[in-house]
Amino acid sequence: MTDLYTALEKCLQAIEQGESVEQALSVYPEFAEELYPLLELSLQARNLGMRPIPDAIRRRGRQRVLEHAARLRQNTQDTLLWSFLSLWVRPALLFGLAFVLLFSSIGLINGSASALPGDYLYPVKRTWENLRLSLTFNPQERQLLISRFEQERLNEIEELLARGRVVPITFSGLVESMMGEQWLVAGIPVRITDSTRLPQAPISEGMLVAVQGITHREGVVEAFEVQLLSANTSQPGEDDDNNNRDNSQNENNDNSENDANENSEQDSNGDAGNDNNGNSDNDGSNNDENDNGDDANGNGRNESDGNGDVNDGSNSDGSNDSNDDSGNGNNAGDDNGMSENDSHNNDANDSNNDNDNGNGDDSGESGDEDCNEEHKNESCS
Amino acid sequence: MGIWVLMHTAENPDEAQVLAGLQALDTQIVGAIYDRYFPEVYRYVRYRLDDEYTAEDVTSEVFVRLLEAARSGRGPKSNLKSWLLSTASHIITDYLRRAYRHPEQSIPEELLDAAYSPLGEIEHREKVRAFKQAYAQLTPEQQHVLALRFGVGYSIEEVATIMKKSTNAVKVLQFRALAALQRKIKEYYD
């Protein structure tokens, strides 16, 4: 004779298969009275567990964990001395450099010039760049500096790849080729994997994208996420729920300052702005937990804020809609692709804003719009 | 890609290979492990703590501890799932001990599962509130078994493997946990 505990388990399994409580208990009439309330309770217990998981949470955690792994790998290479020094020497250097720069008209001796992301002196290098930029007032010179720094980002990545170092990075550039999983973006080989988050709109050659990922030993960048960049550098908005997490907006568009494209090494939050993009629909590996709905409510980094508009003509993303409405902070996006996601709308937008998206479809125009932007990496005809 | 297939097609894939890659902190393997186990760990933690923000932090902490342990050779030699969920359980137990919980504390409205109750059904919300209060009063082990069995939805065999007990022992545990839960709920209404 079956004991009470086995009977309970058998009933639970029957209910999991779709039977009702009564049906399940009919096999064990002797235990019915005792088990009935427990089985009813089990239904409630199970229901409470069934809520979907917001995708943004998964993504943030993933980035955090991967960066931690990268940092741990780096740490094993550092000696104890460096770890100690980094507490004191680096901040001292940073301060010292700022001081020197302020009081010298040339001040260009820069020992950190060859530092790479992940290096001890890398933050010094970036601070140096930012200082130079902030002290350059002539707009043309600024443009030049910005372009140089952007190019330097690319050089750094190439150097990292050549040396086989593994470091989280972010960069942007034009898609030069796409052969299956191997892309070339701004001359850098990028590998797209099953877990790479791609925007809802299909990417094609010639588009400007931001890539967030990690350099690999084999000499490619493994992409965690690829975002389409619109000509209007739309800023992922501040969001209520994300405030404490994604404060450092990794705006992958270098509008003015270069530091926007952060190498996540420097990001103490560990959040390399994952949520800039994220039309979660696309990503095959996420299907179960997919929550555009949830994002609209809570995370607000609604996806395709303006990015979606870049899509050639057919901004048919429902997600664009949910975006704007909840007014989750991303107002920049609101101008761009309100609801009628079609080329008609894009045209209307274009007439409003010079810097507007409409990249994909308005062929001639988009070329110009790209050129309006600071992203002058590529040739503007 | 091969790793992905490896982790998703077998319950016990070639764990040795995976764990070796884990110790090397290989990005692809770490990513694959995260993708494979995040949903379950998160569901488990969220069920126990009933708070999405804390659940997110605790879940990340579980994987961070995995990395740290693996790097220093203290990581799991087998049965990664069990290691992850046990670690989650320990972190949660510590957290709950530190955060003073008054049994009569009312649970803030936002935490109630409003999405799943028809709007305005006060009775349903009351039931949910009763359940959550009662659940919070169970012993850690009782909470653990219910979170595994119903929160995540593991089978009895899986729960047994995770808890390192026999299936018979787990059957008894789940019975007692449900019975205790039921008693507490009755007390709530009395």
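In the predicted model, the contact between the two chains draws on 47 residues of chain B and 52 residues of chain A. The size of an interface is often given as the accessible area lost when the parts come together; here chain B and chain A bury about 4,800 Å² between them, with 61% of this area on carbon and sulfur atoms. Within the share that chain B buries against chain A, Thr27(B), Glu56(B) and Phe175(B) supply 14%, more than any other three residues.

Polar and charged groups also take part in the interface. The rule finds 8 salt bridges across it, and one of the residues named above, Glu56(B), forms a salt bridge with Arg60(A), in which the closest N and O atoms are 2.7 Å apart. Between the chains, 18 residue pairs are in polar contact, both partners having pLDDT of 80 or more. On the side of chain B that touches chain A, at least two residues each come from helix H3 (27–49), helix H4 (52–71), helix H6 (122–136), helix H7 (140–152) and helix H9 (167–189) of chain B, and the largest share, 12 residues, comes from H3(B). By class, this side of chain B has 25 nonpolar, 7 polar and 15 charged residues.

Chain B itself contains 9 helices and 0 strands. Of its 190 residues, 53% count as buried, and among the contacts in chain B with a separation of 6 or more, 62% are accounted for by residues 24 or more positions apart.

Aromatic side chains occur both at the interface and within chain B, and the structure holds 7 aromatic pairs over all chains. Tyr5(A) and Phe175(B) form an edge-to-face pair, with 5.2 Å centre to centre and 85° between the planes; this pair crosses between chains, from helix H1 (residues 4–16) of chain A to helix H9 of chain B. Tyr5(A) counts as partly exposed because its relative accessibility is 25%, whereas Phe175(B), at 9% relative accessibility, counts as buried. A stacked pair is formed by Tyr34(B) and Phe38(B), at 5.1 Å centre to centre and with 25° between the planes. Being 4 residues apart in helix H3 of chain B, these two residues are separated by about one helical turn, and both Tyr34(B) and Phe38(B) are buried. Ring pairs link them with Tyr42(B) and Phe63(B) into a cluster.

The surroundings of Phe175(B) also include Leu35(A), which is found in helix H3 (residues 32–47) of chain A and, at 0% relative accessibility, counts as buried. Beyond its neighbours within four places in sequence, Leu35(A) is in contact with Leu4(A), Ala7(A), Leu8(A), Leu25(A) and Phe175(B). Leu35(A) and Tyr5(A), although 30 residues apart in sequence, lie 9.5 Å apart in space, C-alpha to C-alpha.

Asp26(B) offers a further view of the contact between the chains. This residue lies in the loop between helix H2 (15–23) and H3 of chain B and, at 19% relative accessibility, counts as buried. The side chains of Asp26(B) and Arg217(A) are joined by a polar contact of 3.4 Å, while a polar atom of the Asp26(B) side chain lies 3.1 Å from the backbone nitrogen of Ile29(B). When residues up to four places away in sequence are not counted, Asp26(B) touches Arg73(A), Arg217(A) and Gly21(B).

Over all chains, the count of salt bridges comes to 29. In one of them, Asp57(B) is paired with Arg64(A), the closest N and O atoms being 3.7 Å apart; Asp57(B) lies in helix H4 of chain B and Arg64(A) in helix H4 (residues 55–75) of chain A, so the pair joins two chains. A salt bridge within chain A connects Lys125(A) and Glu152(A), with the closest N and O atoms 2.7 Å apart, and it links distant parts of the chain, from helix H6 (residues 122–134) to helix H7 (residues 139–163) of chain A, 27 residues apart. Lys125(A) is buried, with a relative accessible area of 2%, whereas Glu152(A) is partly exposed, with 23%. Within chain B, Glu61(B) forms a salt bridge with Arg65(B), the closest N and O atoms being 3.0 Å apart, and the two residues, 4 apart in helix H4 of chain B, are separated by about one helical turn. Finally, a network of salt bridges links Asp55(A), Arg58(A), Arg59(A), Arg62(A), Arg197(A) and Asp35(B).

Key:
Residues numbered from 1 in each chain as written. Chains lettered and ligands numbered in written order. Predicted model: local features only at pLDDT ≥ 70, side-chain atom pairs only at ≥ 80, totals over all residues. Heavy atoms only, no water. Contact = heavy atoms within 4.5 Å. Buried area = accessible area lost by both parts, 1.4 Å probe. Salt bridge = Lys/Arg side-chain N within 4 Å of Asp/Glu carboxyl O. Polar contact = N/O pair within 3.5 Å; in protein donor to acceptor, adjacent residues only side chain to side chain. Nonpolar A, V, L, I, M, F, W, Y, C, P; charged D, E, K, R; others polar. Phe/Tyr/Trp six-rings, centres within 6.5 Å; stacked < 30°, edge-to-face > 60°. Buried < 20%, exposed > 50% of the residue type's maximum accessible area, 1.4 Å probe, protein only.
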